[in-house]
Amino acid sequence: MANNTHGALLILGGGSNMLFTEDFEGLVLRNEIKGIEVVNEDPNTIYVKAGAGEVWHAFVLHCIAQNWGGLENLSLIPGSVGASPMQNIGAYGVEIKDVFHELSAYHLESGEIHTFNKEQCQFGYRESVFKRALKNQYIITDVTFALSKQPVLKTSYGAIQQELEAKGIDQPTIKEISEAVIAIRQSKLPDPNVLGNAGSFFKNPVVSNVIFSALQERYPEIPNYPAPANQVKLAAGWLIEKAGLKGFRKGSCGVHEKQALVLVNYGGSKGREILDLSSFIIDTIQQQFGVTLEREVNIIPSHENIL
Ligand code: EPU
């Protein structure tokens, strides 16, 4: 039976959302299952199955080249296809659950391959059943997406509109949306091949209406988004910037200068130092706003009670 502790099994996709705080004592499996195939289609939808080890962005580009719509807003996200449903990756108004059809996964205990539909994956904001009830029980082997033959464009995210307007495009293709998303990401997010980072280090916190109203009285400009159950999602990057920590540096790691939700390793920082930096940020935000930030990055080995 696998778990993330010593002597255990660790399954890696691209490894782009992980922070190692010490050497991992156990077996590391890197998922390299490849292959992209059309498994079904109807007049509007094409069902495309991709091996879990396919590189996410290469898969997105492949779909765009065929004019299969739905993944363009998720361009340039680091990592693999198999990791995408684990945390229901999302960006610029789209989440994987919007285009997800089903996945196959190897059940470690029984050795059987099980199929999961969208409901069974229990997708939430950066969440799925594979991070919760079924954590460490399955290896995802392939994912099937339901893509559109007549793409419905999602351009409501402000920065996409601005990017398209700046280029004088008013009827964008999915390729142009992908290019806009790539330009936005490159302008704000550090390239992990150049500057070590794991994307957003924290989740955007979801708070009750009561807490939100109190915060809005103190900070009328606070960004906010509707969340399920009458709650409100806040922007962790805004909170961190407001606390004066954007660009903050401690040793050779710090808070990215252009996006405060991303922690960066300028070179030489140990995982433990980055974890300590994240704890400092959590404490600061708690003190200043009374809001608890939750890490989005997977910490290896998993410390369920890290403070
Ligand atoms: N903001 C600041 N200062 C900052 C960063 C953000 O004030 O340093 C403000 C922005 O001005 C905006 C709000 O916070 O009003 C939200 O910022 P942004 O649109 O950049 O998105 P985010 O909430 O910081 C999330 C995802 C990203 C995804 C973007 C775009 C999470 C944890 N992160 O970031 O995903 O690319 O939205 O959709 O939900 C990732 O998961 O690794 C990731 C990069």
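Is Asn204 buried or exposed? In this predicted model, Asn204 has a relative accessible area of 19% and is therefore buried, since the cut-off for that class is under 20%. The points below begin with the chain as a whole, then turn to Asn204, to Thr45 and to the second largest pocket.

**The protein chain**

- The secondary structure of the protein chain comprises eight helices and 18 strands.
- With a radius of gyration of 20 Å, close to the 19 Å that the globule rule gives for 307 residues, the protein chain is as compact as a globular protein of that length.
- Measured out along its principal axes, the C-alpha trace of the protein chain spans about 55 × 55 × 40 Å.
- Of the 307 residues in the protein chain, 47% are buried.
- When contacts between residues at least 6 apart in sequence are taken, 58% of these contacts in the protein chain join residues at least 24 apart.

**Asn204**

- Asn204 is placed in the loop between strand E11 and strand E12, the latter made up of residues 206-207.
- A polar atom of the Asn204 side chain lies 2.8 Å from the backbone nitrogen of Ala236.
- Once its neighbours within four places in sequence are set aside, Asn204 is in contact with Lys233, Leu234, Ala235, Ala236 and Gly237, and also with Tyr125 and Leu261.

**Thr45**

- Thr45 is located in strand E5, which covers residues 45-51.
- The relative accessibility of Thr45 is 18%, so that Thr45, too, falls under the 20% cut-off and counts as buried.
- Leaving out neighbours within four places in sequence, the residues in contact with Thr45 are Ala146, Leu147 and Lys149.

**The second largest pocket**

- The second largest pocket holds about 350 Å³ of space.
- Its lining consists of 14 residues, and those lying nearest the centre of the second largest pocket are Leu76, Pro78, Pro190, Asp191 and Pro192.
- Two elements, helix H5 (174-188) and strand E11 (196-200), give two or more residues to the lining of the second largest pocket.
- Sorted by class, the residues that line the second largest pocket are six nonpolar, six polar and two charged.
- Strand E11 thus links two of the topics here, because this strand contributes to the lining of the second largest pocket and also precedes the loop in which Asn204 is placed.

Notes
Residues are numbered from 1 along each chain as its sequence is written. This is a predicted model: local features need pLDDT of at least 70, side-chain atom pairs count only at pLDDT 80 or more; totals for chains, interfaces and linings use all residues. Side-chain values use heavy atoms; hydrogens and water are left out. On a 1 Å grid over the protein atoms alone, a cavity is a set of points where a 1.4 Å probe fits but cannot get out, and a pocket is an open set with protein on both sides within 12 Å along at least five of seven lines; lining residues have an atom within 4 Å of a point. Grid points are joined across faces, edges and corners, and a volume is the space filled by probe spheres set on the points. Helices (H or I, at least four residues) and strands (E, at least two) are DSSP runs, numbered from the N terminus. Ala, Val, Leu, Ile, Met, Phe, Trp, Tyr, Cys and Pro count as nonpolar, Asp, Glu, Lys and Arg as charged, and the others, Gly among them, as polar. Buried means under 20% relative accessible area, exposed over 50%, partly exposed in between (1.4 Å probe, protein chains only). A polar contact is a pair of N or O atoms within 3.5 Å; within protein, one must be able to donate a hydrogen and the other to accept it, and residues adjacent in sequence count only if both atoms are side-chain atoms. Contact means heavy atoms within 4.5 Å. The radius of gyration is taken over C-alpha atoms; the globule rule is 2.2 Å times the number of residues to the power 0.38.
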